[in-house]
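Thanks for coming. I will go through the charged pairs in this one, and then one further residue. Here it is on the screen.

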Amino acid sequence: MHGKFDSRHPLVGLSDELIRLNGRMKSLFAGARRPEGLGDSEQSVLNAVVEADHPPTVPQIGRSYGQPRQIVQRAANSLIEAGLIEAVPNPDHKRAVLLRATEQGLAVKREIDARADALAAQLCPKEQADIVREATQAVRAVRKQLEAQLRGMD
């Protein structure tokens with residue numbers, strides 16, 4: 001059978017759309033991080049560290065992005081070697097260190113964000129920005145609800 005599957009649960013449809021959107025966004029914004037020489041994994045880890053409310057661990061980032069810990073660890077090691085993030089002791093766990101952005105890492109993130117913002121402004125005029133903002137809030141709400149439900153299943 002070909003065509004749309006209207007009988008699917010809306011969450012499955014959302015997942016499919018987000019996977020497609022993620023691919024488009026990665027290719028669209030690849031140029032914004034190119035001058036810094038960061039790959040997708042490094043960019044994701046830098047974003048996770050800078051945007052976190054509290055310094056995250058590698059396993060926390062992996063769970064958040066649905067990535068194996070080993071992939072996140074390689075990206076974190078690369079960012080540590082580049083001086084963009086640092087590992088600090090975790091008082092709650094002996095082996096899972098906390099990751100924190102350095103001043104250089106924050107500056108690089110700001111530069112990447114500025115280039116990405118300029119590109120986004122070209123592609124998404126101000127009249128569409130409210131729609132995108134509402135979509136972002138809706139997706140965030142779904143993610144947070146799912147995370148809370150998954151925590152309750154542990």
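Let me start with a question: is D130 buried, partly exposed or exposed? With a relative accessible area of 45%, D130 is partly exposed. Please keep in mind that this is a predicted model.

D130 has a charged partner. Its side chain meets that of R133 in a salt bridge, at 2.7 Å from N to O. R133 is partly exposed too, its relative accessible area being 46%. Both residues sit in helix α6, which covers residues 126–153. They are 3 residues apart there, so about one helical turn separates them.

Helix α6 holds another pair. E147 and R143 form a salt bridge, and their closest N and O atoms are 3.2 Å apart. Here the spacing is 4 residues, which again means a separation of about one helical turn. As for accessibility, E147 is partly exposed at 27%, and R143 counts as partly exposed at 37%. Elsewhere, E51, K109 and D113 are joined into one network by salt bridges that share partners.

How many salt bridges does the structure hold? The count is 8. I am not going through each of them, but there is one more pair to look at.

That pair is D40 and R33. They form a salt bridge in which the closest N and O atoms are 2.1 Å apart. The two ends are not alike in accessibility. D40 has a relative accessible area of 34%, so it falls in the partly exposed class. R33 has 10%, and because buried means under 20%, R33 is classed as buried.

R33 also brings us to the last residue on my list, Q43. Where is Q43 placed? It lies in helix α2, which runs over residues 40–51. D40 and E51, mentioned earlier, carry the numbers at the two ends of that range. Which residues does Q43 touch, leaving out those up to four places away in sequence? They are R33, L38 and I112. Q43 is itself buried, with a relative accessible area of 9%.

To go back over R33 once more: this buried residue forms a salt bridge with D40 and is touched by Q43. On the helix α6 side, the pairs to remember are R133 with D130 and E147 with R143.

That is what I have for today. I can go back to any of these residues on the screen.

Methods. Residues numbered from 1 in each chain as written. Predicted model: local features only at pLDDT ≥ 70, side-chain atom pairs only at ≥ 80, totals over all residues. Heavy atoms only, no water. Salt bridge = Lys/Arg side-chain N within 4 Å of Asp/Glu carboxyl O. Buried < 20%, exposed > 50% of the residue type's maximum accessible area, 1.4 Å probe, protein only. Contact = heavy atoms within 4.5 Å.
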